[in-house]
Amino acid sequence: MPDMESTIEFLEYHVGFALEEHDETHAYLRVGTEHHSLELVHDPSLTTFRYDGVGFTVEDEAVLSDLEERVRAAGHEVLPLTEGMKGLCQQGFAVVDPNGTVVELFTGFLEYAETPWPDLRPQRFVHPFVVTDRYEETLNFYMNVLGFLASDYVEDFTAFLRCEDRYHHSLAVRRADRYALEHACFIMGDLDGVMRRRARAQHKRVRILGDVVNHSASTSIAFYLYDERHGPRWELCDGHRVFTPEEHETHRPRRLKRDPRNIDVWRAASDDRTWAH
């Protein structure tokens, strides 16, 4: 981040992060009991935020070993965890996805005994949503190498991928002419929390890009706040779909038409472009 201090203030007030370990160059922020949901690195040479990596907890050592074998078999280099992560988990490894993003997979992620003092905090981080000019390569990497499952598609344009927590998507990928983190999604405890966060954004005149959206795919109700100085869009939602164990095993992904009403069921018509996604 080019201005880590002001970004921390923004994320504490508007998203609900709790600042934990930090120094002049690194900051860890959390919403639940896990050590952190977000790591910020200060880099004053940047003019905007840069998305460098994402981490996923895996169930146990056996799953971690299987994933490492799959990564090697697919011809990807197995890398050590970043220095910051090494002391925060029991074991793991890293791999670079087709877009150059470092993906860290690990077991035994450190936790706190309880959540931060409640202040309209999200319950958990749900997913990153990336856009990429390597759409097919990215889907192949996450699905065929790392084992993510497709929940739904929007034509041949967007894919919603889930993993073993059974949330409708733990990663979303959209076709584009560039690579970027488009937004990061967090679940609030209820709809009241979503609307109170929205009220804070309105009060401080923070841009809302995508206001009160009812997602057809994940069934969540959300809004997106955005300040280009402080990262991507931040999605705050309630009601994100969780598959049952049976659904997780048997679900067949839909191919949804690329129509605003098929993405947000509250859109009025097929040419309703009151928000861009």
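**Exercise 1. Arg 166**

Classify Arg 166 as buried, partly exposed or exposed, then place it in the chain and check its phi.

*Solution.* Arg 166 has a relative accessibility of 25%, so it counts as partly exposed. The cut-offs behind this step: buried is under 20%, exposed is over 50%, and partly exposed lies in between. The structure is a predicted model. Next, the location. Arg 166 lies in the loop between β9 (158–162) and β10 (171–175). Last, the backbone. The phi of Arg 166 is positive, about 70°, although the residue is not a glycine. Most residues other than glycine have a negative phi.

**Exercise 2. Thr 219 and Gly 210**

Find the loops that hold Thr 219 and Gly 210, and classify the accessibility of Thr 219 and of Gly 210.

*Solution.* Take Thr 219. Its place is the loop between β13 and β14 (221–226). At 43% relative accessibility, Thr 219 counts as partly exposed. Its phi is near 65°, a positive value in a residue other than glycine.

Now Gly 210. This residue is in the loop between β12 (207–208) and β13 (213–214). Its relative accessibility is 5%, so Gly 210 counts as buried. One distance completes the step: the C-alpha atoms of Gly 210 and Val 130 are separated by 16 Å, with their positions 80 residues apart along the chain.

**Exercise 3. Aromatic pairs**

How many aromatic pairs are there, and what geometry does the pair Phe 17 and Phe 186 have?

*Solution.* Start with the rule: ring centres must lie within 6.5 Å, and planes over 60 degrees apart count as edge-to-face. The count comes to eight aromatic pairs. In one of them, Phe 17 and Phe 186, the ring centres are 5.1 Å apart and the planes stand at 85°, so the pair is edge-to-face. Then locate the partners. Phe 17 sits in the loop between α1 (4–14) and β1 (18–22), and Phe 186 in strand β11 (residues 180–187). They are 169 residues apart, so the pair links distant parts of the chain. Both Phe 17 and Phe 186 are buried.

Apply the test again to Tyr 142 and Phe 148. Their centres are 5.7 Å apart and their planes are at 90°, so this pair is edge-to-face. Tyr 142 and Phe 148 are both buried.

Finally, extend from pairs to a group. Phe 17, Phe 125, Phe 186 and Trp 234 form one aromatic cluster.

**Exercise 4. Charges over rings**

Which ring does Arg 255 lie over, and which ring does the charged end of Arg 258 sit over?

*Solution.* Arg 255 lies over the face of Tyr 153, 4.2 Å from the ring centre. For Arg 258, the charged end sits over the ring of Phe 157, at 3.5 Å from its centre.

**Exercise 5. Helix packing**

Describe how α2 packs with α4, and how α1 packs with α5.

*Solution.* First, helix α2 (residues 61–73) and helix α4 (residues 135–145). Their axes are 10 Å apart, at an angle of about 140°. That makes α2 oblique to α4. On α2, the contact uses Leu 67, Arg 70 and Val 71; on α4, it uses Met 143, Asn 144 and Val 145. By class, this contact has four nonpolar residues, one polar and one charged.

Second, α1 and helix α5 (residues 191–203). The angle is about 135° and the axes are 10 Å apart. α1 and α5 are therefore oblique to each other. Glu 12, Tyr 13 and His 14 of α1 meet Arg 197, Arg 200, Ala 201 and His 203 of α5. By class, the contact of α1 with α5 has two nonpolar, two polar and three charged residues.

How values were computed: Residues are numbered from 1 along each chain as its sequence is written. This is a predicted model: local features need pLDDT of at least 70, side-chain atom pairs count only at pLDDT 80 or more; totals for chains, interfaces and linings use all residues. Side-chain values use heavy atoms; hydrogens and water are left out. Rings of Phe, Tyr and Trp (its six-membered ring) pair if their centres lie within 6.5 Å; planes under 30 degrees apart count as stacked, over 60 as edge-to-face and the rest as tilted. Helices (H or I, at least four residues) and strands (E, at least two) are DSSP runs, numbered from the N terminus. Buried means under 20% relative accessible area, exposed over 50%, partly exposed in between (1.4 Å probe, protein chains only). A charge sits over a ring if NZ of Lys or CZ of Arg is within 6 Å of the ring centre and within 35 degrees of the ring normal. Axes are lines fitted to C-alpha atoms, for helices over the stretch in contact, and angles run from 0 to 180 degrees between N-to-C directions. Angles under 35 degrees count as roughly parallel, over 145 as roughly antiparallel, 65 to 115 as roughly perpendicular and the rest as oblique. Contact means heavy atoms within 4.5 Å. Ala, Val, Leu, Ile, Met, Phe, Trp, Tyr, Cys and Pro count as nonpolar, Asp, Glu, Lys and Arg as charged, and the others, Gly among them, as polar.
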